[in-house]
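Colleague: I would like to learn how the words used for a structure are justified. Could you show it to me and take me through the reasoning?

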Amino acid sequence: MSEQLTLVTGGAGFIGCNLANRLLGSGRKVRILDNLSRPGVEQNLQWLREQHGERLQVVNADIRDEKAVTQAVAGTTQVYHFAAQVAVTTSLDLPRDDFLVNAQGTLNVLEAVRARPVPPFVLMTSTNKVYGDLADLELQAVGQHYQPTDLSVRARGVSEARPLDFHSPYGCSKGSADQYVLDYARSYGLQTMVFRMSCIYGPRQFGTEDQGWVAHFILRALRGEAITIYGDGKQVRDVLFVDDLVNAFLLAEQNGGKLAGRAFNIGGGPSNAISLLDLLDRIEALQGRRPATTFDGWRTGDQRYYVSDTRGFEQATGWRAKVRAPEGIARLHEWLQAHRKPVAAPALHVVHAN
Ligand SMILES: NC(=O)c1ccc[n+]([C@@H]2O[C@H](COP(=O)([O-])OP(=O)(O)OC[C@H]3O[C@@H](n4cnc5c(N)ncnc54)[C@H](O)[C@@H]3O)[C@@H](O)[C@H]2O)c1
C-alpha cells in the first residue's frame with residue numbers, strides 16, 4: 001500500500017501541531033494548511049520541521065481559498081480539519097469573517113473531499129458552545145464551583161443527546177460546520193466525524209484571554225501580570241490534556257468506518273472538572289505565590305458549567321482520558337516556563353498556494 005499522507009488544516013496551531021508531531025513520529029507524511037494568522041504558531045512549524053524534516057509539507061494558505069484547499073486535499077488519506085477562527089470574543093466583533101472561516105471554510109474542505117475518487121476520512125473539531133449556555137441546567141455554588149443539582153448530570157456531564165442551541169456567532173459558525181460535516185456522511189456516504197470539545201490544554205499552546213484559558217492564566221502568572229476573571233471564577237470546565245486528545249483522534253480514525261456521521265463530546269470528563277479559582281490554587285501551589293487577579297462582568301454566552309459526558313466515545317473505541325488535571329497543569333506550567341520568551345523563528349520553506 002502506498003504511503004499515507006494526512007492533511008491537517010490549522011496544523012500550525014496548538015492542537016494541529018501536537019497531532020502532526022505524533023503522526024510524523026509514527027512514519028506518516030503530513031501536509032499542513034495554515035495561514036499562520038495565530039500569533040506565535042510559526043514556532044510550532046519550526047519545531048515540527050526540526051523534528052521531522054521534509055516529511056512535513058506546509059501550505060501557507062487560507063481555508064477560505066477554495067482552490068488552495070482542493071489542491072491540499074488531493075492525494076491525502078485523512079483530513080483533520082482544525083483551521084478556524086477560534087474565539088467567541090472575535091466572532092462577536094467580526095461575525096462575517098468568523099462565518100466565512102468556520103462555516104464556508106469547512107464547506108470548502110468537504111467539497112474538496114467529496115470530489116476525490118477515494119474520499120479521505122475527515123475529522124472536524126467542533127465545540128461545546130453548540131449546546132448553548134445551558135441556562136436550564138439548575139446549578140448550585142458549592143465552595144468555589146458551580147455544580148448541577150441533577151445528580152446524574154453531576155456524575156456524568158453533558159451528553160450528545162443534549163439539544164443543539166447555538167449561542168454567539170462562533171457557536172453558530174462552528175455549529176453550522178459541525179452539522180455540514182455530519183450531513184456529508186448522510187448525504188454523500190463520506191467517512192466524516194465531529195469532536196465537540198471542551199477545554200484542551202498542553203504544550204505548544206499560546207493561550208490568550210480570548211482562547212486557551214489554562215495556558216493564558218499560567219503565562220500571566222509567570223510574567224507576574226494580573227489575571228482578569230470574568231464572572232465570579234466559579235465556572236467549571238472539564239480540561240483535557242492534548243496527548244489524550246491525540247489518542248482520541250487516532251482511535252477515531254481506526255474506527256472511522258463504523259463511526260462515520262457521528263459527533264462525540266470530548267473532554268476530561270467529571271474527574272477533570274475544575275473552576276477558574278481551582279486553577280489559581282494550582283498555580284499558587286506550583287509557583288509558591290497566588291497570582292494577582294482582578295474581577296470583571298460575565299462574558300456573553302459564558303457557560304457557568306460545562307463538563308463533557310465522554311461515555312459515547314469511550315464505549316465506541318475504548319478511549320479513556322489518562323492525564324489527570326493536576327499532572328497535566330504541572331506539565332504545561334513547566335513547558336511554558338521554558339518557552340515563554342519565544343525566540344524569533346528562522347525563515348521556513350513553505351509552499352505558497354495560489
Ligand atoms: N483548544 C481548545 O480548547 C478547543 C476547544 C474546542 C474546539 N477547538 C477547536 O479545535 C481547533 C484547533 O484549535 P487550537 O486550540 O489548536 O487553535 P489554534 O488557534 O492554536 O489553531 C488554529 C490554527 O488555524 C489557523 N487558522 C486560523 N484561521 C485560518 C484560516 N482562515 N485559514 C487557514 N488557517 C487558519 C491558525 O493560524 C492556527 O494555526 C479549532 O477548530 C478550534 O475551534 C479547540
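Modeller: Let us begin with a term: a polar contact is a pair of N or O atoms within 3.5 Å. Please keep in mind throughout that this is a predicted model.

Colleague: What makes the approach of Gly13 to the ligand a polar contact?

Modeller: A polar backbone atom of Gly13 is 3.1 Å from an oxygen atom of the ligand, and because a pair of N or O atoms within 3.5 Å is what the term requires, the pair qualifies. The backbone of Ile15 also places a polar atom 2.9 Å from a ligand oxygen, while in Arg38 it is a polar side-chain atom that lies 2.9 Å from an oxygen atom of the ligand.

Colleague: How much of the ligand does the protein bury?

Modeller: Taken alone, the ligand exposes 820 Å², and the protein buries 95% of that. Helix H1 (14-25), E5, H7 and strand E9 (199-201) are the elements that each give two or more residues to the shell around the ligand.

Colleague: Which residues come nearest to the ligand?

Modeller: Of the 29 residues around the ligand, those that come nearest are Phe14, Ile15, Asp34, Phe82 and Lys174. By kind, the shell divides into 16 nonpolar, eight polar and five charged residues.

Colleague: What lines the largest cavity?

Modeller: The structure holds one cavity of 30 Å³ or more, and the largest cavity contains about 40 Å³ of space. Among the residues that line this cavity are His81, Asn102, Met124 and Lys174, and the elements giving two or more residues to the lining are helix H5 (95-114), strand E5 (121-127) and helix H7 (168-188). The lining residues divide into four nonpolar, four polar and one charged.

Colleague: How do you know that the radius of gyration agrees with a compact globule?

Modeller: A compact globule with 354 residues would have a radius of gyration near 20 Å, and the protein has 19 Å, so the two agree. Along its principal axes, the C-alpha trace spans about 55 × 45 × 40 Å, and the secondary structure comes to 13 helices and 16 strands.

Definitions and conventions. Residues are numbered from 1 along each chain as its sequence is written. This is a predicted model: local features need pLDDT of at least 70, side-chain atom pairs count only at pLDDT 80 or more; totals for chains, interfaces and linings use all residues. Side-chain values use heavy atoms; hydrogens and water are left out. On a 1 Å grid over the protein atoms alone, a cavity is a set of points where a 1.4 Å probe fits but cannot get out, and a pocket is an open set with protein on both sides within 12 Å along at least five of seven lines; lining residues have an atom within 4 Å of a point. Grid points are joined across faces, edges and corners, and a volume is the space filled by probe spheres set on the points. Helices (H or I, at least four residues) and strands (E, at least two) are DSSP runs, numbered from the N terminus. Ala, Val, Leu, Ile, Met, Phe, Trp, Tyr, Cys and Pro count as nonpolar, Asp, Glu, Lys and Arg as charged, and the others, Gly among them, as polar. A residue is near a molecule or strand if one of its heavy atoms lies within 4 Å of it. A polar contact is a pair of N or O atoms within 3.5 Å; within protein, one must be able to donate a hydrogen and the other to accept it, and residues adjacent in sequence count only if both atoms are side-chain atoms. Accessible areas come from the Shrake-Rupley method with a 1.4 Å probe; for residues, only the protein chains shown count as cover. The radius of gyration is taken over C-alpha atoms; the globule rule is 2.2 Å times the number of residues to the power 0.38.
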